[in-house]
Amino acid sequence: MTTTHPRPGDKYQATAAVLHDLLGGPGNIATLEHCVTRLRLTLTDRFRVNDTALCDHPAVLGIMERDTFQIIIGPAAVAPLAVALRQLIDPDL
């Protein structure tokens, strides 16, 4: 699966920045993967997540907790959003 890096000013970068803050900010995302519709995250401190604001965000269709914390995004946006969020977590990617 090939993903492209978002361009400066990309809507995915803006959404990723907001989600990053709602997920507890710097250092709270230990791992990030995605599937066809979801971001799958391992969080350092689950209690730093703002669940209410996260669920209210227009890009978020829902959240689930299984082995990982999962944010349901949908098939069209999940891959570019994962790339943008990864760049916030590790800008050297």
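This is a short tour of the structure, one selection at a time.

**Start with the whole chain.** What you have open is a predicted model. Colour it by secondary structure and you should find three helices and four strands. Followed from the N terminus, the elements run α-β-β-α-β-β-α. Of the 93 residues, 39% count as buried. Now switch on the surface: its accessible area comes to about 5,400 Å², and 55% of that belongs to carbon and sulfur atoms.

**Next, select the four strands.** They make an open sheet in the order β1-β2-β4-β3, with antiparallel pairing. Which strands stand at the edges? Look at β1 (29–34) and β3 (62–65): each has a single partner strand, so one side of each is left without a neighbour in the sheet. Turn the sheet a little and look for its twist, which averages 25 degrees from one strand to the next.

**Zoom in on β3 and β4.** Strand β4 covers residues 69–72, and β3 pairs with β4 in the antiparallel sense over four bridges. Pick E65 and you'll see F69 of β4 opposite. Keep E65 in mind, as we'll come back to it.

**Now add helix α3.** Select residues 78–89: this helix lies across β1 and β2 (38–43), and runs at about 160 degrees to β1.

**Hop over to T15.** You'll find T15 in helix α1, which spans residues 11–22. Is T15 buried or exposed? Its relative accessibility is 17%, and buried means under 20%, so T15 counts as buried. Show what surrounds T15: leaving aside neighbours within four places in sequence, T15 is in contact with H57, A59 and L81.

**Last stop: the charged side chains.** Show R46, D51 and E65 as sticks. How many salt bridges are there? The count comes to two. One joins D51 to R46, with the closest N and O atoms 3.0 Å apart. In the other, the side chains of R46 and E65 meet at 2.8 Å, N to O. R46 sits in the loop between β2 and α2 (51–56) while E65 belongs to strand β3, so this pair ties together parts that are 19 residues apart in sequence. Because the two bridges share a partner, R46, D51 and E65 are joined into one network.

Before you leave, check how open these three are to the outside. R46 is partly exposed at 23% relative accessibility, D51 is partly exposed at 29%, and E65 is also partly exposed, at 49%.

How values were computed: Residues are numbered from 1 along each chain as its sequence is written. This is a predicted model: local features need pLDDT of at least 70, side-chain atom pairs count only at pLDDT 80 or more; totals for chains, interfaces and linings use all residues. Side-chain values use heavy atoms; hydrogens and water are left out. Two strands pair if DSSP finds at least two bridges between them. Helices (H or I, at least four residues) and strands (E, at least two) are DSSP runs, numbered from the N terminus. Axes are lines fitted to C-alpha atoms, for helices over the stretch in contact, and angles run from 0 to 180 degrees between N-to-C directions. Contact means heavy atoms within 4.5 Å. Buried means under 20% relative accessible area, exposed over 50%, partly exposed in between (1.4 Å probe, protein chains only). Accessible areas come from the Shrake-Rupley method with a 1.4 Å probe; for residues, only the protein chains shown count as cover. A salt bridge is a side-chain nitrogen of Lys or Arg within 4 Å of a carboxyl oxygen of Asp or Glu.
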